[in-house]
Amino acid sequence: MSPERRIGPETLAAYLDHLDRADRAGAIALAQELLADGVPVADILVDLVEVAQQEIGRRWLTGSWSVAQEHAATHVSELVVGAVGATIGAPRRGHVVMACVEGEWHALAARIVAEVVRAAGWRVTFLGASVPARHLVSYLHQTGPDAVLLSCVQPNRLVRAARMVEASRAAGVPVLAGGPGFGPEGRWAATIGAAAWGASARDAVALLDRPLSAGTHIGAPPPPPDDSYVALLHRRRELVRLALTAVDPPEETAEDAATGIAHLVDALIAAVRVDDDRLLRDFVEWQAEALTSRGGRALLDEVLGTLERALTEHPRVVARLRAVRG
Amino acid sequence: MAGAALPADDRLAQELLDGLAEAVVTVDPAGVVALVNAMAIDLLPELTPGVDLAGCQVPALAEAARTGSDTFETEHHGRRLRGLRRPLAAERGAWYVRDVTEEHARTDALLAERSRTAFLARAGSRLGLSLHRDQTLRAAVTLPVPYLADVAVVVHRPAPPAEDAPHWIRYATGDSGPVTGVTGWRTVESVPGLVEALDGDRTEPSPWLDAELADLAEVLPTGFGRPGTVLISPMPSAGGPAGALVLARRPERPGFDQREIALAREFAGRAGAALAAAELYGEQAHLARVLQNSLLPPELPRLPGMTLAGGYRAAGDSLRIGGDFYDVFPTGEGGLLALGDVCGKGVGAAVLTGRVRQSLQTLRLVEQRPRELLELLNRALLDAPDAARRAQFTTLLLGAVRREPGGGLRVRVAGGGHPAPLVARAGGGIETVRLGGMPVGALTDARFVDAEVRLAPGDLLLAYTDGVTEARGGPTELAMFGEDRLRQAVASGAGLPPAALVERVLQLVDEWLDGQPHDDIAMLALAAG
């Protein structure tokens, strides 16, 4: 590829401009021009669509874009991914399944991974956003793929991801984990039993190029979680309710608050599961950042304090909560 | 013994020593054998008084003497000996040597039994993991390597419609994964015992002859060379042999002993049973998949002048089929939309869903007006054999969509007992299209209602099933998602294209449920443009 065909800042700016105006036709035409210029599918998806998506996420996080704007822009990118993906030829390698962890609805990044892996010659089945574990299991037994690519963007979904990894291992299929939800450098992927971790679509292709040895089909089982983990899982809903009562949000924001608290409790359970304070700390910091533009940090500390008081019989959990309080 | 009187009589001392079950050898300060007892003469005849221990004919003991080690263990004249050195007064020393042959054999047998049990346990859990045939075959060839053999091959006949030729899958030490291939019947016939094993008969392990090597060489890894011994075991299953397991060892490795043969047979039996279970599951899954494909919501057609999107989440059923459905049929002037909810759940409901969709598909050819089509469908469903006994009915929305000049759409909507669809206007504001009507297929004189909706460019019509509004969850875990929340969700997504709006509502409902079980959920959204 000659340098002028690379995707530069001007192309990115033009693409973002199409997204800003929810201009489907323009965005697709731009992608098709790049294809016609000989830019590989993977480059368009990763260096243009995905980079633009990160910018969209940033705009939403800082509050400069509404949820609706974000959804509309994402939809345009979905169409672009579909149009670019339609140009990929027939598969010539094994079968890979791509799934988003249950509860994860932002599927664009996963779709990009699926298409990039497909462009590398694999037959890819994209099971979509928020895949329930039991659907994944029945799919694996029915089709016996070579590997599962599992996307997890937010670490609070890690407990569900762990369940899906367990189910895949039980079906004898190795899991390649992807996404920031598995921690910095994917440090929690191995803890929950995944065979490997990749940060990007290109990593996924590289991981699949390595032989998936029979050993990765089983590997060492993840260590058994300690009993405070089981207790927390059991008390999850009760904890959410307690924290919600303590915070006592105005009625119009009660549901948002309940969702946010549930995520925080899930992040706490996940931190216990992988035995790493970093998970909870990163999550709280990320939430605090998201809340700065939409509320305050005091709410978070109130929730953390309530959880601390409710969990006095689990000193290690209390210590984790203390460690992240502002 | 300390403090008791010791015999001063040399002969008595010798008799006492000779009565011991341990061999006793004493050495003088120069390391020369001074005294041996009867057991020592028996076990270590080479050690006679005067022999230099460091140069004696028992290499392990000589080595211990040279290096100053206090213990040794060795195989000597067919017996297992274990010796311990104790210092005596005046720089003399004594070696106490025990015959541990039987103890050793018992330990060996115990360890072998343990590793055998561990192997079978591992095999049991790996073979039990997958219900997929290929995965089971992979486990069957990877498990015996290297424990039982250096290369394992399973020769099997895949189920029809695959070609009836012997297929093989192989795994050898050092391979990164199993390799597969297809061979001819001639190859299989030329290997002694293989045809018999594929018929379910057992043959004894045999050395691999040069003549046969050429025939099965294609199945062995390149560069593997001539195998030492080969053991072929049938893989029996309830429905006849599932395949044959070929285990081969390199020439430098000893052949299969009786215990290993028994273990290999046992393993082949388990692998055969697992393979048979996987085949049975495969047939069932295939059947289910065919059904599923005919019952899952369809890919929506692209119709000019309008954008459509559907969303579907089945209740807790791994088949992902249920009683909610939608369909879109192209018509000359636009399209016909259908969204319905059949009474009941799971496969039973899915079958009725199939019948309703099939009937609609046919009846629309003779009647395109939605309310009249509902009446016709009602009669068709009630007319079905034993319809009364089954008491099955469905709520249904039909919408006949026509393009209008100026880019808008005109939709004639007819309802049979279905939740009222919503219209989100481009300028903001949500309207409900109240219809009512009775469920379809319940009563012969059921009444249906219709209404007309106009969609300007940017307007959106959302039809949904009660699985959306009746999803229970939220902070109290019991509250229904409800129409108000749905209206809010639609309002907050104003201006979104149908696919993004449907996705957004699905996400909100999913968050509301927070992992709790739910009914089938279906949505169909339509916008002009």
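Ser130(A) is found in the loop between strand E2 (123-126) and H6 of chain A, where helices (H or I, at least four residues) and strands (E, at least two) are DSSP runs numbered from the N terminus. This is a predicted model, in which local features need pLDDT of at least 70, side-chain atom pairs count only at pLDDT 80 or more, and totals for chains, interfaces and linings use all residues. Residues are numbered from 1 along each chain as its sequence is written, while chains are lettered from A and ligands numbered from 1 in the order in which they are written.

Most residues other than glycine have a negative phi, and most peptide bonds are trans. Ser130(A), although not a glycine, has a positive phi of about 40 degrees, and Ala22(A), also not a glycine, has a positive phi of about 50 degrees. Ala22(A) is found in the loop between helix H1 (9-20) and helix H2 (24-36) of chain A. In chain B, the peptide bond from Val145(B) to Pro146(B) is cis, with omega near 0 degrees, and Pro146(B) is found in the loop between helix H5 (133-142) and strand E6 (151-156).

The table gives burial for several residues, where a residue is buried if 20 or more other C-beta atoms, placed from the backbone, lie within 10 Å of its own, exposed if 12 or fewer, and partly exposed in between.

| Residue | C-beta neighbours within 10 Å | Class |
|---|---|---|
| Ser130(A) | 22 C-beta atoms | buried |
| Ala22(A) | 19 C-beta atoms | partly exposed |
| Cys152(A) | 33 C-beta atoms | buried |
| Ala62(B) | 18 C-beta atoms | partly exposed |

Cys152(A) lies in the loop between strand E3 (147-151) and helix H7 (158-170) of chain A. Not counting residues up to four places away in sequence, the residues that Cys152(A) touches include Val101(A), Glu104(A), Ala177(A) and Phe182(A), contact being defined by C-beta atoms, placed from the backbone, that lie within 7 Å. Cys152(A) and Phe182(A) are 30 residues apart in sequence and 6.6 Å apart in space, C-alpha to C-alpha.

Helix H3 (residues 41-61) and helix H5 (residues 108-119) of chain A pack at an angle of about 170 degrees, with their axes 9 Å apart; the axes are lines fitted to C-alpha atoms over the stretch in contact, and angles run from 0 to 180 degrees between N-to-C directions. H3(A) and H5(A) are therefore roughly antiparallel to each other, a term for angles over 145 degrees. Among the residues that make the contact are Leu45(A) and Val49(A) of H3(A) and Ile112(A) and Val116(A) of H5(A).

Further along chain A, the buried residues of helix H14 (residues 315-324) are Val317(A), Arg320(A), Leu321(A) and Val324(A). These residues cover an arc of only 95 degrees around the axis, which puts them on the same side of H14(A), the arc being that of the directions from the helix axis to the C-beta atoms. On the other side of H14(A), Pro315(A), Arg316(A), Ala319(A) and Arg322(A) are exposed.

The contact between the chains takes 28 residues from chain A and 34 residues from chain B. On the side of chain A that touches chain B, the elements that give two or more residues include helix H4 (67-85), helix H10 (227-247) and helix H11 (254-274).

Definitions and conventions. Contact = placed C-beta atoms within 7 Å. Parallel < 35°, antiparallel > 145°, perpendicular 65-115°, else oblique.
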